Amino acid sequence: MTTHHEPTPRPPHQVLDGADIARVVTRIAHEIVERAKGAEDVVLLGIHTRGVHLARRLHGRLAQITGREIPLGSLDITMYRDDLRLKPARALEHTEIPPGGIDGKLVILVDDVLFSGRTIRAALDALNDIGRPRAVQLAVLVDRGHRELPIRADYVGKNLPTSLREAVQVRLSDSDGVDAVLVGDRDSAAASRPARDEHGTQAPAPQPSEPHLPE
């Protein structure tokens with residue numbers, strides 16, 4: 001009788017290192033300045049948690065390029081998620097809107113990984129309760145495909161074709177101690193990932209957290 005063995009999970013391998021991520025952030029900042037004609041009415045909003053870290057880095061690069069302080073804030077989309085009842089309760093993060101607000105502004109949402117698009121849908125719903133931007137754009141470090149909603153990024157650090165059996169791990173020094181993007185099979189990635197979920201929330205020890213699941 002023939003025995004069928006499941007393929008051995010492929011361990012995570014690095015696709016971006018710290019220098020790569022720094023170059024990506026710089027490139028996206030230049031693209032924002034070019035497309036937004038100087039970024040005069042731009043507001044950056046990072047989606048918790050790693051999106052906030054990336055937004056801060058973009059903010060620094062934009063300040064260097066334009067010589068101005070671009071309004072910077074953060075957005076918690078927890079209560080707007082459509083899977084809220086399906087996942088364990090998570091702590092609410094802090095939504096911080098710059099003093100000038102977002103009405104009539106070009107709001108650029110910043111996140112680490114674009115997958116199904118559901119996180120961004122939740123972010124748009126959250127924005128609707130805060131104000132009325134002139135326009136909304138999206139900047140992401142990695143676009144891994146597999147969209148479930150008609151959402152696309154305006155600024156992409158790296159397009160990373162993946163299979164659904166793979167997990168994308170974004171690690172940033174602000175929350176993880178190192179800058180890197182890794183891809184590996186889901187089971188192997190879950191075992192190697194630091195004990196935080198995809199939005200940086202501390203997971204109960206000693207269980208490993210899930211890798212970046214469909215968003």
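Hi everyone, let me start with a pocket. The residues lining the second largest pocket divide into two nonpolar, seven polar and three charged. Keep in mind that this is a predicted model. The volume of that pocket is about 210 Å³. Twelve residues line the pocket, and those nearest its centre are His-48, Val-52, Arg-56, Ser-74 and Glu-96. Which elements give two or more residues to this lining? They are helix α2 and strand β3, the latter covering residues 72-75.

Let's stay with His-48 for a moment. The peptide bond that runs from His-48 to Thr-49 is cis, and its omega is near 5°. If you want to find Thr-49 on the screen, look in the loop between β2, residues 42-47, and α2.

Now for the cavities. How many cavities of 30 Å³ or more does a search of the whole structure find? The search finds three. I'll talk about the second largest cavity, which has a volume of about 50 Å³. Its lining is made by Val-25, Ile-28, Leu-54, Leu-58, Val-110, Asp-111, Ala-139, Val-140 and Leu-141. Four elements give two or more residues each to that lining: α1, α2 (50-66), β4 (106-114) and β5 (135-143). Which of them gives the largest share? That is β5, with three residues. Sorted by character, the lining of this cavity has eight nonpolar residues, no polar ones and one charged. So you have met α2 twice by now: α2 helps line the second largest pocket, and α2 also helps line the second largest cavity.

Next, let's look at a sheet. Three strands form an open sheet, in the order β1-β8-β7, and their pairing is antiparallel. At the edges sit β1 (13-16) and β7 (166-171), each of which pairs on one side only. On average, neighbouring strands of this sheet are turned by 30° against each other, if we ignore direction. As a reminder for the newer people here, strands of a sheet pair through backbone hydrogen bonds, and they can do so in a parallel or an antiparallel way. In our sheet, β7 pairs with β8, residues 180-185, over six bridges in the antiparallel sense. If you would like one pair to look for, Arg-171 stands opposite Ala-180 in β8.

What lies across this sheet's strands β1, β7 and β8? That is helix α1, residues 18-35, and α1 runs at about 30° to β1. This is the helix that came up with the cavity, where α1 gives two or more residues to the lining.

To finish, here are two residues with a backbone angle to look at. Ala-39 is not a glycine, yet its phi is positive, at about 65°. You will find Ala-39 in the loop between α1 and β2. Is Ala-39 buried or exposed? Its relative accessible area is 1%, so Ala-39 is buried, the cut-off being under 20%.

The other residue is His-146, again not a glycine, with a positive phi near 65°. His-146 has its place in the loop between β5 and β6, which covers 155-159. What about its accessibility? His-146 has a relative accessibility of 32%, so it counts as partly exposed, as that value falls between the 20% and 50% cut-offs.

That's my tour, so thanks for listening!

Methods: Residues are numbered from 1 along each chain as its sequence is written. This is a predicted model: local features need pLDDT of at least 70, side-chain atom pairs count only at pLDDT 80 or more; totals for chains, interfaces and linings use all residues. Side-chain values use heavy atoms; hydrogens and water are left out. Two strands pair if DSSP finds at least two bridges between them. Axes are lines fitted to C-alpha atoms, for helices over the stretch in contact, and angles run from 0 to 180 degrees between N-to-C directions. Contact means heavy atoms within 4.5 Å. On a 1 Å grid over the protein atoms alone, a cavity is a set of points where a 1.4 Å probe fits but cannot get out, and a pocket is an open set with protein on both sides within 12 Å along at least five of seven lines; lining residues have an atom within 4 Å of a point. Grid points are joined across faces, edges and corners, and a volume is the space filled by probe spheres set on the points. Ala, Val, Leu, Ile, Met, Phe, Trp, Tyr, Cys and Pro count as nonpolar, Asp, Glu, Lys and Arg as charged, and the others, Gly among them, as polar. Buried means under 20% relative accessible area, exposed over 50%, partly exposed in between (1.4 Å probe, protein chains only).
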